[in-house]
Number of protein chains: 2
Amino acid sequence: MTTKEILEEQIKIQGELVRKLKAAKENKDRVQEEVAKLLELKSQINETGNQKFTLKTPKGTRDFSPHQMAVRSSVLNKIISVFKKHGAETIDTPVFELKEVLTGKYGEDSKLIYDLKDQGGEILSLRYDLTVPFARYLAMNKISNIKRYHIAKVYRRDNPSIARGRYREFYQCDFDIAGLYDPMIPDAECIRIVYEILNTLDLKPFVIKINHRSLLDGMLETCGVPADKFRSICSAIDKLDKSPWQDVKKEMIEEKDLTEEIADKIGQYVQLNGGRQLVDELLQNQNLIKSKSAVEGLESVKLLLDYCELFGTLDAVSFDLSLARGLDYYTGIIYEAVLMGKDTSDSDISVGSVAGGGRYDNLVGMFDSKNKNVPCVGVSIGVERIFAVLEGKLVASNKKIRTTEVEVFVATAQKNLVNERMKLCKELWDNNFKVEYSYKKSPKLLVQLQHCEEYDIPLAVILGESEIQRGVVKLREVSTRAEVEISRSELADEIRKRLQGIQLNGTS
Amino acid sequence: MTTKEILEEQIKIQGELVRKLKAAKENKDRVQEEVAKLLELKSQINETGNQKFTLKTPKGTRDFSPHQMAVRSSVLNKIISVFKKHGAETIDTPVFELKEVLTGKYGEDSKLIYDLKDQGGEILSLRYDLTVPFARYLAMNKISNIKRYHIAKVYRRDNPSIARGRYREFYQCDFDIAGLYDPMIPDAECIRIVYEILNTLDLKPFVIKINHRSLLDGMLETCGVPADKFRSICSAIDKLDKSPWQDVKKEMIEEKDLTEEIADKIGQYVQLNGGRQLVDELLQNQNLIKSKSAVEGLESVKLLLDYCELFGTLDAVSFDLSLARGLDYYTGIIYEAVLMGKDTSDSDISVGSVAGGGRYDNLVGMFDSKNKNVPCVGVSIGVERIFAVLEGKLVASNKKIRTTEVEVFVATAQKNLVNERMKLCKELWDNNFKVEYSYKKSPKLLVQLQHCEEYDIPLAVILGESEIQRGVVKLREVSTRAEVEISRSELADEIRKRLQGIQLNGTS
């Protein structure tokens, strides 16, 4: 028994004694004496416990097993290939930034930023998203146009709702187009990218909601909301994807001091969604078009919808006046993709938005000493939610995903052939095959073959004394367990041929 | 002029005035008055400076441009394919750990750990390497065997020597085999992996130095070094790759209190290196074989060299008694790969070790409440140094590396054809080509074609009114500038054919 186990046993015995004494209503001093002994034992175990503390990852973070990593790699590779299809380059930035780079960019959410300890030197914080570091990168390097993706982890000291797939450390997966271009052209491409990604990942049906900041502002203006309340009313509107209008209205009146009349006017707008017809109707709305800002927003939406038609994405796009998005830095079009229907959440994970973004034309200027702006538009793919949905689907479909790519396992049925197995592995590695063998000197054949089946390794080469003498090996197809004898000199070609066959039949 | 520029000008003038007054040995009060004004100006500029602070990444960190990322991806992909060739899975762990996970693992170097600020809740630190998180992962999940790689950034508050390719944030690239296996079998595979990686990356010539902790201990024991000095003497020996023996000897005598006699005995050993013959000679050394530990180490090295021969790596392996390696947790074989010769460092970057590792059988037990150990052996590839070497080579060879994978650029020679270009892009994206076009409504043809040449895009499709009417396009091979007219219906097939040709000819 370890010291800790002995102590645990003693605490148990002492605890029982104290309970018995109390139950028997023994003399107080006697009880206190035994309680003191119990506390002493407990403090001892805490000291031992400090050496062997609870093994865990920090709150809101987790490890990823080989199985989870295999799902993630396959999803990320598909997303990256869409980014590359649109000519994106990639960059990387440090995981931490000077704290002042992040200051004043996230409004209220700034309290969620992780700071590093001041150990002398600079004051640093972990990045909160990839957009602010991107803007800092553009300003610092005086880059006025680039199309880049960036996939990396970001950090938020939120109270994570693990069940909904939210963590304190999570991947962001961003694509942005920076540069002074003509209206809605890069914006339409961002929407096409979301459309391609969700299709490639088989996440249909989905809707890409779009709206425009100028339209939101114009709408609030014509409803009679004072300009200084635009932001806080937008953040109330933003809740409409989770709460019914009645609740949001109540918040507007009770917490944000709007009159019921104004709230009702807003209510008429934010319940609208549709396509080009809705844009045209709103462009006829005599109240709304009093606002220059609203007209500008509507014209932009109209143009974007035209481009969406050209790009073949219009069927998934919905112009939605309830879409507001939280972040302060958006200045133009905003969008958000939402998965629809039960079939995408066989597991209990409730999925909301899986992608979102918009135009932010003033962020880079915040970093430039001459306020020189670089207009930007981008989209962030909510990969953590997508991972959760796809992991759930995998479990539901009972499909296996391989965690290695091994093609050939070199096995033996006899003892003491490790040198021969090593020689054969070398030959096969030299031929560029992906090869494994047992690291035991004399492994059991059954264990070796079980390993092949567990890891879905397609082929096994089996060596024995007799085969070695005759210059041959047994080649086994793991799935059918069929074995043939092949001469050593033909082995590489035969393996190559069989692997091609297996790939073509898609059984791998 | 900005406020800041005005202030800078004023400070300059005021500074000159102060210098003149001092030079002229003016009345003290007068000087002090002007100095006060100067300080006031400087404090004002600091306040302005807070709004537009210096744009930089934190000390010892950097951004990676698309060009650097392209080099990195290509190197990492090659390394990953070697890991996969040996059947490795991959895992991921959080960027920070509970501080206590790291405590007591790095000896003196613990002072280099980045701590997070205590913002309430757990006390956290950024990971210092990937080995300790790996051991924590194994213990926490009670995993007794796995073969995994992990590529991720680690953090050390070192005083970075940027010129030598050392940073505070840098990639580690680790491969480890955990599990109770037969002696030297997984160890030999780690060496084979280093061998394959350095060959794949064309980094020949290189040497993989090997040694054994038990042999080091036994050697020091027979030289008469007291056991409590083993570690500090090892760390002196570890400097032999940078310092001559005379300096190391001096350190042993003056700083570590060895007698000259003992130091000389050590000196005789640590200047030895060779192959199997050296092992056999040492196994005849009557002094050395008095130590059980030394004999054990020598027998292990002998077995490993046999396995290296079977794996075809022996030509690059050198048994080297001066190899000590700093980290405390090694318990068995240790190794380190070093690039040789001038030709690998055309640039001024001096490269030392590019890979290193060894056996650490007791680290997992430090996390297990019952001290249950999982024997491990692994290797860490020094990718930052490798990146630096390969970037240098690229510059020297004048080779261009593409930062995007765009295959086709859709261009136009005429104004107002943006809708037509968008339609064609959609067609080509639907056919899974990687396609770009200009985001301007009416871009200049020259600018579009220059973009193709700058980014090495192989094909351009050029649209004009006349082509649109006739249902054709011009297809241009960017490198030769040859153009042909193709019907729209045959375009996808033609592009596919040409891209294959370009790939086969390796001009892409």
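How many cavities of 30 Å³ or more does a search of the whole structure find? The search finds 3. The structure is a predicted model, and its cavities, chain interface and two buried residues are described in turn.

The largest cavity has a volume of about 60 Å³. Its lining comprises B:Gly60, B:Thr61, B:Arg62, B:Phe64, B:Arg72, B:Lys153, B:Tyr167, B:Glu169, B:Phe170, B:Tyr171 and B:Glu384. Strand S5 of chain B (residues 169–178) gives the most to this lining, with 3 residues. By class, the lining has 5 charged, 4 nonpolar and 2 polar residues.

The second largest cavity holds about 50 Å³ of space. Here the lining residues are A:Thr61, A:Arg62, A:Phe64, A:Arg72, A:Lys153, A:Glu169, A:Phe170, A:Tyr171 and A:Glu384. Strand S5 of chain A (residues 169–178) supplies the largest share, 3 residues. The lining divides into 5 charged, 3 nonpolar and 1 polar residues.

The two chains are related by symmetry. Chain A superposes on chain B after a rotation of 180 degrees with 0.2 Å of shift along the axis, at an RMSD of 1.0 Å. This is the relation of a two-fold axis. The same surface serves both copies, and 100% of the contact residues of chain A recur in chain B.

The interface can be described by residues and by area. In chain A, 99 residues are in contact with 100 residues of chain B. The size of an interface is often given as the accessible area lost when the parts come together. Chain A and chain B bury about 8,800 Å² between them. Of this area, 59% is on carbon and sulfur atoms. A:Lys85, A:Trp429 and A:Tyr439 supply 10% of the area that chain A buries against chain B, more than any other three residues.

Helix H5 of chain A spans residues 131–140. The helix is mostly covered, with 9 of its 10 residues buried. The buried residues are A:Thr131, A:Val132, A:Pro133, A:Phe134, A:Ala135, A:Arg136, A:Tyr137, A:Leu138 and A:Ala139. Their cover draws on both chains. From chain A it includes strand S2 (96–98), helix H4 (99–102), strand S4 (146–155), S5 and strand S11 (376–381). From chain B it includes helix H3 (66–85). Just after H5(A), A:Lys142 takes a positive phi of about 50 degrees.

Within this helix, A:Arg136 has 0% relative accessibility and therefore counts as buried. Leaving aside neighbours within four places in sequence, A:Arg136 is in contact with residues of both chains. On chain A these are A:Thr93, A:Pro94, A:Glu97, A:Val101 and A:Phe367. On chain B they are B:Leu55, B:Lys56, B:Thr57 and B:Asp63.

A:Leu321 provides a second buried site. It lies in the loop between strand S8 (317–320) and strand S9 (333–339) of chain A. A:Leu321 counts as buried because its relative accessibility is 1%, under the 20% cut-off. Beyond neighbours within four places in sequence, A:Leu321 is in contact with A:Asn211, A:Leu215, A:Leu216, A:Met219, A:Ile237, A:Tyr269, A:Val270, A:Leu272, A:Leu278 and A:Leu282. One of these, A:Leu216, is 105 residues away in sequence, yet the C-alpha atoms of A:Leu216 and A:Leu321 are 7.5 Å apart.

Definitions and conventions. Residues are numbered from 1 along each chain as its sequence is written. Chains are lettered from A and ligands numbered from 1 in the order in which they are written. This is a predicted model: local features need pLDDT of at least 70, side-chain atom pairs count only at pLDDT 80 or more; totals for chains, interfaces and linings use all residues. Side-chain values use heavy atoms; hydrogens and water are left out. Helices (H or I, at least four residues) and strands (E, at least two) are DSSP runs, numbered from the N terminus. Buried means under 20% relative accessible area, exposed over 50%, partly exposed in between (1.4 Å probe, protein chains only). Contact means heavy atoms within 4.5 Å. Copies are superposed by least squares on the C-alpha atoms of residues with pLDDT of at least 70 in both. On a 1 Å grid over the protein atoms alone, a cavity is a set of points where a 1.4 Å probe fits but cannot get out, and a pocket is an open set with protein on both sides within 12 Å along at least five of seven lines; lining residues have an atom within 4 Å of a point. Grid points are joined across faces, edges and corners, and a volume is the space filled by probe spheres set on the points. Ala, Val, Leu, Ile, Met, Phe, Trp, Tyr, Cys and Pro count as nonpolar, Asp, Glu, Lys and Arg as charged, and the others, Gly among them, as polar. Buried area is the accessible area (1.4 Å probe) that two parts lose on being put together, summed over both.
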